[in-house]
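Please open the structure in your viewer and keep the selection tool at hand. The stops below are meant to be taken in order.

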Protein chains: 2
Amino acid sequence: MSEGASSPESQRQFSHLFPTEAIASTPPTGQCPVEQCPIEKTFVDQCPVENTFTDSCPAVPSTSTNKTSQSTYKSNAGVDFVIIFKFPTNQPDVTREQLEAKTTKALESLTTKLSKVGLRFQIRPGKERGVLLVLVGCPSNLLYQALKRERIRDFLLGVRVDDIEEDGKSRSINMSDVTDSERLRLVYDLITSPETEGGASISPDLDECVDSIMPLHDENFDKQWIKSWSKKWMLDQDDINKIRDQFGEKIAYYFAFLQNYFVWLSVPSVLGAFVYMTHTNTLTIGFSVFMLVWAVVYLEMWKRKEKELAVMWGVRNCSKYEKRRAEYGGDGTIKDEVTGEELPFVAPWKTIVRRILAIPGVALGAVFLSSIVGFVFFLQLFLHEYYAGPFAQILHYAPTIGYVLFIPTMTNIYNKWVKILNDWEMHKTDASWESNYTKKIFIANFLVGYLSLFITGWVYIPFGDHVLPYLSHYNISHDHKKVDFLRLRDQLVYFVVTGQVVGFATEMIVPYIMQKAMPKAQELKEKVTKGNTESSFPEDQLGTPEMSGPEAAFMKRVYKQVGLEEYNIYTDYVEMVIQFGYVSMFSTVWPLTALCCMINNWVELRSDALKICKYTRRPIPLRAEGAGPWIGNMETLVWLSSITMASFAYLFHPSTNIHSPYTPILTLLAIMVSEHLYVLLRILIQTAIEIIPSWSDVVVKKEDYKLKKVWLDRLASTSQSSVKQDANSSWNYEESHDELTKHVWSDRTSQDAQNQEGIRLVEAVFKTK
Amino acid sequence: MSEGASSPESQRQFSHLFPTEAIASTPPTGQCPVEQCPIEKTFVDQCPVENTFTDSCPAVPSTSTNKTSQSTYKSNAGVDFVIIFKFPTNQPDVTREQLEAKTTKALESLTTKLSKVGLRFQIRPGKERGVLLVLVGCPSNLLYQALKRERIRDFLLGVRVDDIEEDGKSRSINMSDVTDSERLRLVYDLITSPETEGGASISPDLDECVDSIMPLHDENFDKQWIKSWSKKWMLDQDDINKIRDQFGEKIAYYFAFLQNYFVWLSVPSVLGAFVYMTHTNTLTIGFSVFMLVWAVVYLEMWKRKEKELAVMWGVRNCSKYEKRRAEYGGDGTIKDEVTGEELPFVAPWKTIVRRILAIPGVALGAVFLSSIVGFVFFLQLFLHEYYAGPFAQILHYAPTIGYVLFIPTMTNIYNKWVKILNDWEMHKTDASWESNYTKKIFIANFLVGYLSLFITGWVYIPFGDHVLPYLSHYNISHDHKKVDFLRLRDQLVYFVVTGQVVGFATEMIVPYIMQKAMPKAQELKEKVTKGNTESSFPEDQLGTPEMSGPEAAFMKRVYKQVGLEEYNIYTDYVEMVIQFGYVSMFSTVWPLTALCCMINNWVELRSDALKICKYTRRPIPLRAEGAGPWIGNMETLVWLSSITMASFAYLFHPSTNIHSPYTPILTLLAIMVSEHLYVLLRILIQTAIEIIPSWSDVVVKKEDYKLKKVWLDRLASTSQSSVKQDANSSWNYEESHDELTKHVWSDRTSQDAQNQEGIRLVEAVFKTK
């Protein structure tokens with residue numbers, strides 16, 4: 001696939017490097033390689049037999065896999081991806097002929113690219129005007145080539161270490177071992193990779209009429225998934241492995257994270273419930289420190305779990321492979337020193353300047369969002385606490401509506417704004433883009449989720465009573481007496497309980513209603529506006545060949561899935577991370593927070609599964625080595641926990657006079673102590689956890705050792721020849737060399753003589769005395 | 001060398017994996033491989049041609065190398081290492097015969113081990129009674145085997161990526177390309193590695209009478225080195241590369257660090273001198289922030305430089321190879337799951353408990369040392385400032401003598417104590433042991449170096465005036481008036497100037513005098529005590545064969561070097577790190593600090609070179625990937641800089657009333673702000689530096705790409721065969737599969753037909769309207 005021609009000699013030299021050596025042009029035994037080396041997933045053997053610490057041995061992921069590996073492919077009639085081709089049917093200042101010519105050209109360019117790579121396609125009309133669907137399928141030999149190429153890349157990057165069997169044989173590729181997610185990922189790579197890397201270089205960002213590229217759901221799998229999860233109380237590793245085989249590691253990591261977090265929440269849930277029942281002042285130093293330790297330990301253990309999953313799923317080091325973003329245009333091109341390609345180039349100082357300039361941009365968005373959140377908060381405060389005028393009953397609910405409808409809209413505006421900024425920052429790789437984008441949207445969700453709590457705890461409660469005289473002064477009637485700590489608790493309960501119920505509703509119930517109601521509304525609308533001038537599109541008018549029974553049903557499924565939203569993993573992660581913030585930062589304010597979140601997450605796990613199956617398109621399977629940038633955000637939250645808990649523990653302690661002028665400065669000191677405690681705790685816990693061995697280390701070491709042993713065995717067998725070869729070398733002191741060397745070595749060459757000499761010297765010492 | 005037998009088939013499969021493929025039993029061309037693939041160091045090509053940013057292209061390290069590569073070997077008559085075999089000649093309760101038998105056994109065990117591996121040796125009497133010298137040489141075929149083994153390990157670990165030439169040929173090993181340091185390192189590995197890894201498993205910790213293992217100096221190189229450095233004002237990369245070729249990467253990193261630090265010091269030197277001349281109050285916020293930024297940037301740039309050197313010297317990733325410590329005994333043995341060996345095993349909880357218990361142990365040592373330092377400080381204070389009694393003139397100098405003699409002794413006691421603790425902590429690898437030991441000795445040097453400055457700045461100056469009334473009360477006469485900031489400056493100047501002069505003296509002048517004076521004193525002593533009962537040892541009495549001219553001279557050199565101290569790299573690093581602390585933490589107190597340190601380091605670079613050549617044994621060449629744990633300690637110092645500079649800037653500001661009760665709390669707030677500023681600055685600077693490309697990244701990418709290209713070319717050549725192979729696969733939809741798939745794909749197979757269909761659909765859309 002690479003364009004560079006290599007000499008036959010170099011090929012011979014490396015001919016045995018390949019895991020697929022057995023299928024080379026002249027296989028040594030002449031047998032079919034697949035029969036020769038049957039696949040035996042050695043995962044069970046790799047697990048340490050006596051695993052005395054930490055986790056139990058992970059379940060074997062392969063048995064269920066083999067059965068389902070061709071499931072998607074079969075149930076979708078060999079269609080791997082659907083490219084949605086959207087073209088304008090009407091544009092001002094452009095004649096219809098020009099538009100048609102342009103569209104035809106774009107379509108031809110698309111199909112040419114597909115054909116060039118060797119992908120098959122079928123073109124079908126879309127459900128709407130101006131939409132065509134290009135069904136793309138991958139022939140098996142092409143897939144096989146792509147798989148081989150990836151395996152080699154993986155071996156070189158150290159992603160796969162398990163390609164060598166116990167007896168030193170390399171493992172050949174068995175196509176029936178390829179999971180659905182791997183197949184789809186490879187095909188997606190074929191469609192989207194740059195041409196220099198053997199792909200078709202098709203992308204919604206580069207090709208004018210390509211709207212999106214989507215895989216099709218495997219309906220059988222989806223049904224089984226929902227069914228099995230709705231019956232289980234606890235998920236196990238096998239459930240997560242199934243998701244990995246179907247949707248790829250990125251989605252699987254989300255579910256693994258959610259499940260792991262759910263289990264870890266049990267600790268603060270139980271302790272929180274206990275503290276809630278036994279203490280009146282829950283803001284104790286003891287409980288605060290416990291929550292801090294829990295949060296740090298949990299995060300460190302999750303990072304460890306991430307690594308273990310990476311080893312188990314064979315994606316360790318896969319993030320080392322950095323794919324350039326197709327959108328990375330650059331100021332001009334530069335000839336790459338490595339590959340000789342013409343690559344887009346941007347001066348580093350320009351990147352730095354843009355990153356710096358983006359900071360005020362994000363700050364602007366954050367200020368905008370903060371003022372919205374602040375306004376809604378103070379409105380709510382005013383209406384709840386001070387306002388007793390007309391329509392008080394109705395106006396009471398206005399802020400909640402604001403939270404549910406107004407703020408999410410503003411957040412979306414912010415998200416779009418930072419996406420523009422993030423694109424403008426010119427990131428070279430997807431990983432870099434994603435990491436920076438995640439940080440930016442985290443800021444928004446942080447403000448919406450916590451700002452009003454911070455205002456309540458740090459501004460309103462300490463200083464709120466100063467406002468009362470002014471209210472009286474302006475003759476505003478109010479029934480408010482005193483601002484105290486319970487106000488903060490109420491605010492938190494609102495977020496944890498109401499917020500999660502509302503979240504569930506917008507995620508599950510609204511889409512359900514929309515899905516049921518929208519098609520009917522659409523139909524109605526179409527009937528009214530278009531009347532009878534145009535009949536329903538496309539079957540009747542376009543003269544497509546009649547679709548017979550099964551194909552019609554299949555296309556109906558395709559149309560339905562094309563009409564769905566793309567799955568957005570950010571939304572799901574951000575929800576969990578913000579929730580983690582409530583638990584770690586505010587558990588001392590209301591100790592039942594963790595319990596509430598735990599219940600929510602039990603439902604969340606299942607409703608997210610349902611959402612993926614029913615309300616979104618199938619996500620494109622991507623590899624990942626963990627939850628990625630979210631963990632960094634969670635670490636920020638743990639650091640903030642040390643600030644919030646320390647400040648609350650001091651501010652709201654019964655003995656603290658909250659209105660004393662020394663209070664702010666003493667609160668700051670409490671925060672300072674707590675921050676240092678946090679840093680110290682983190683170092684200690686990290687060190688301690690590093691000492692505990694993980695089974696994944698053993699697996700990795702074992703694989704490394706196997707590889708090394710094969711090479712060393714080979715070395716041992718060549719030693720004779722090298723000794724012979726040695727005679728040519730000029731490095732023997734027996735032959736060349738000067739007087740001195742001869743003196744030192746040649747006179748008494750025999751090692752036995754030397755031993756005698758040594759003994760004689762020892763004897764001499766003892767006898768002379 | 002590995003004991004496991006492998007099937008011939010597996011050998012065949014991997015036969016071409018080897019860089020040394022050409023010397024396999026049946027070389028394809030029948031030619032000598034060394035002539036076939038002459039070594040052409042491609043370092044120059046690897047350097048980016050257009051290096052628009054940062055550093056210039058590093059100098060080519062190889063030209064000078066080739067000439068000196070056999071230099072040590074030749075000048076030392078083929079002796080690579082000297083094993084010093086020390087045995088007791090007299091022990092209570094043991095008869096002389098028993099002792100002799102024991103010694104003979106130990107010696108035989110040693111020689112057997114050496115012979116087994118294939119190393120040559122010569123036994124010579126030592127200069128003292130009860131000492132034998134075993135001169136060890138390595139035959140070239142053994143070295144060749146060891147080198148091959150290491151190259152394979154390096155390739156698998158990703159240490160060497162440059163073993164493939166531009167045209168895809170693998171590079172064979174040319175023995176004349178092996179540097180002195182590489183040769184000695186390989187031989188040292190052969191002597192000390194466990195037997196399972198093909199070594200002789202000789203170690204001073206395991207073998208009873210083995211006192212130490214040392215290589216011999218290359219006197220020609222040493223002379224040239226001293227000569228060339230004493231003539232140069234500035235060192236360049238080539239000078240550092242020469243050290244690397246001679247003494248290995250670990251020593252070379254020290255000199256590279258020192259040189260790099262020396263250059264970076266020029267920035268605060270110039271600015272410091274400017275501030276010193278123009279400002280009366282040097283403790284400004286501006287200068288403090290500048291110093292903080294400088295320290296952070298310098299450390300980040302050094303970390304980058306470290307990585308670049310690792311790529312240049314081919315030691316990238318070498319720290320991944322974790323050699324088990326020979327001293328790691330364990331509670332018992334466990335059968336290793338990976339290799340099947342019986343390995344020492346320690347339960348992780350035990351390790352954690354021991355690490356935790358070691359903390360109070362270190363704390364105890366630190367408290368002990370702190371009280372000594374504190375005592376000397378207050379004594380000095382009292383004598384300098386308050387005491388005006390008899391002998392005041394003489395007693396004035398007592399504390400300085402304390403600093404020079406008393407405190408170093410106490411530090412040595414502390415160092416021994418923490419070494420015991422560190423051994424007790426049971427570290428599995430040398431890297432882990434060293435990292436923890438470094439932290440512990442850093443604490444001692446930290447206390448000695450800075451504690452009295454902290455006491456002066458934070459205790460004595462703010463609270464010292466409270467002591468005066470008590471002094472008067474006890475009728476102690478004093479001529480002291482007022483405690484102020486200048487007291488801190490004096491203290492600092494003492495450390496920076498006097499401390500460094502004293503350091504130079506103890507490092508250079510004392511050993512010089514000792515070396516000149518000691519042998520004569522020894523002679524005199526021997527003459528007096530032993531009289532004529534025993535003549536000079538060993539030549540006359542032991543009856544060793546007469547040494548002729550050159551050998552006698554050679555043995556004299558050996559005896560001289562055996563009598564030297566081992567080189568201790570800790571002492572040199574710790575001196576520099578503590579000095580860095582003066583610059584980063586206290587530059588605002590005395591802005592000339594950096595300038596003084598810069599002058600000192602110019603001398604230090606040269607005196608350290610002289611020290612290695614003249615006053616210590618040749619260090620054992622070890623690989624390293626950087627300055628290691630010291631950088632972590634320097635980062636701690638930068639964090640402390642944010643504390644010291646902020647507190648001094650507030651405390652000693654002209655407008656601050658130092659005796660106000662609010663001062664301590666406001667100082668703490670200043671510190672808090674400064675610490676957060678430091679964390680923020682660090683994140684920003686790290687991000688910015690990451691964006692700037694480094695030439696080493698390009699080199700690494702280029703090598704990776706070459707490797708990948710060779711593999712992909714090979715893949716392309718096998719595609720035909722795989723298409724054939726494909727027919728066997730059950731994955732072709734043309735053949736198998738259900739009704740639906742046939743419907744969707746088989747009816748309109750031709751891609752041209754599909755293109756026509758697409759165009760027809762587009763036309764239909766535009767025409768229907």
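Helices, as the word is used on this tour, are DSSP runs of H or I with at least four residues, numbered from the N terminus. The coordinates belong to a predicted model, and every stop should be read with that in mind.

**Whole chain A.** Begin by selecting chain A and colouring it by secondary structure, which comes to 29 helices and 6 strands. Of its 769 residues, 53% count as buried, while the chain exposes about 34900 Å², with carbon and sulfur atoms supplying 61% of that area. Among the contacts in chain A with a separation of 6 or more, 79% are accounted for by residues 24 or more positions apart.

**Annotated transmembrane regions.** Next, select residues 251-277, 283-302, 357-382, 394-414, 441-461, 492-514 and 665-685 of chain A, where an unreviewed UniProt entry places the feature "transmembrane region". Within residues 283-302 of chain A the model is 90% helix and 0% strand, and the end C-alpha atoms are 27 Å apart. Residues 357-382 of chain A are 100% helix and 0% strand, with 38 Å between the end C-alpha atoms.

**Helix α13 of chain A.** Select residues 285-312 of chain A, which form helix α13 with its 28 residues. From first C-alpha to last, α13(A) reaches 40 Å, close to the 40 Å expected at 1.5 Å a residue. Just after α13(A), pick Gly314(A), which takes a positive phi of about 65°.

**A nonpolar patch.** Show the surface and select Phe504(A), Ile509(A), Tyr512(A), Ile513(A) and Val603(A), which together make a nonpolar surface patch of about 430 Å². Which helix gives the most to the nonpolar patch? The answer is helix α19 (residues 485-530) of chain A, with 4 residues. One residue to centre on is Ile509(A), which is found in α19 of chain A and which counts as partly exposed because its relative accessibility is 41%.

**Salt bridges.** Over all chains, the structure holds 34 salt bridges. Start with Lys102(A) and Glu208(A), whose closest N and O atoms are 3.3 Å apart. This pair links distant parts of the chain, 106 residues apart, with Lys102(A) in helix α6 (residues 96-117) of chain A and Glu208(A) in the loop between α8 (180-192) and β4 (210-215) of chain A. Lys102(A) is partly exposed, with a relative accessible area of 40%, whereas Glu208(A) counts as exposed at 61% relative accessibility.

Move then to Glu434(A) and Lys250(A), whose side chains meet in a salt bridge of 2.9 Å, N to O. Because Glu434(A) lies in helix α17 (residues 430-463) of chain A and Lys250(A) in helix α11 (residues 249-264) of chain A, the pair ties together parts that are 184 residues apart in sequence. In chain B, select Glu434(B) and Lys250(B), where a salt bridge is again found at 2.9 Å, N to O. Glu434(B) lies in helix α17 (residues 430-463) of chain B and Lys250(B) in helix α11 of chain B, so this pair too ties together parts that are 184 residues apart in sequence.

To finish with the charged side chains, return to chain A and select Glu300(A), Lys303(A), Glu635(A) and Arg682(A), which are linked in a network of salt bridges.

**Covered helices.** Staying in chain A, select helix α24 (residues 629-651), whose 23 residues reach 33 Å from first C-alpha to last, close to the 33 Å expected at 1.5 Å a residue. This helix, α24(A), is mostly covered, since 18 of its 23 residues are buried. In chain B, helix α24 (residues 629-651) holds Asn633(B), which is buried with a relative accessible area of 5%. Not counting residues up to four places away in sequence, Asn633(B) touches Thr438(B), Lys439(B), Phe442(B) and Val577(B).

Still in chain B, go to helix α11 (residues 249-264), where 16 residues reach 22 Å from the first C-alpha to the last, close to the 22 Å expected at 1.5 Å a residue. Because 13 of the 16 residues of α11(B) are buried, this helix is largely enclosed by the rest of the structure.

**Last stop.** Go back to chain A and select Lys223(A), which lies in helix α9 (residues 219-231) of chain A. Is Lys223(A) buried or exposed? With a relative accessible area of 59%, Lys223(A) is exposed. Add Leu610(A) to the selection: the C-alpha atoms of Lys223(A) and Leu610(A) are separated by 9.5 Å, although the two are 387 residues apart along the chain.

Definitions and conventions: Residues are numbered from 1 along each chain as its sequence is written. Chains are lettered from A and ligands numbered from 1 in the order in which they are written. This is a predicted model: local features need pLDDT of at least 70, side-chain atom pairs count only at pLDDT 80 or more; totals for chains, interfaces and linings use all residues. Side-chain values use heavy atoms; hydrogens and water are left out. UniProt positions are given in the numbering used here, feature names are shortened, and annotations may be inferred rather than shown by experiment. Helices (H or I, at least four residues) and strands (E, at least two) are DSSP runs, numbered from the N terminus. Patches are made of residues with over 30% relative accessible area and no salt bridge: like charges are joined within 9 Å, nonpolar side chains (Val, Leu, Ile, Met, Phe, Trp, Tyr) within 5 Å. Accessible areas come from the Shrake-Rupley method with a 1.4 Å probe; for residues, only the protein chains shown count as cover. A salt bridge is a side-chain nitrogen of Lys or Arg within 4 Å of a carboxyl oxygen of Asp or Glu. Buried means under 20% relative accessible area, exposed over 50%, partly exposed in between (1.4 Å probe, protein chains only). The expected span of a helix is 1.5 Å times one less than its number of residues. Contact means heavy atoms within 4.5 Å.
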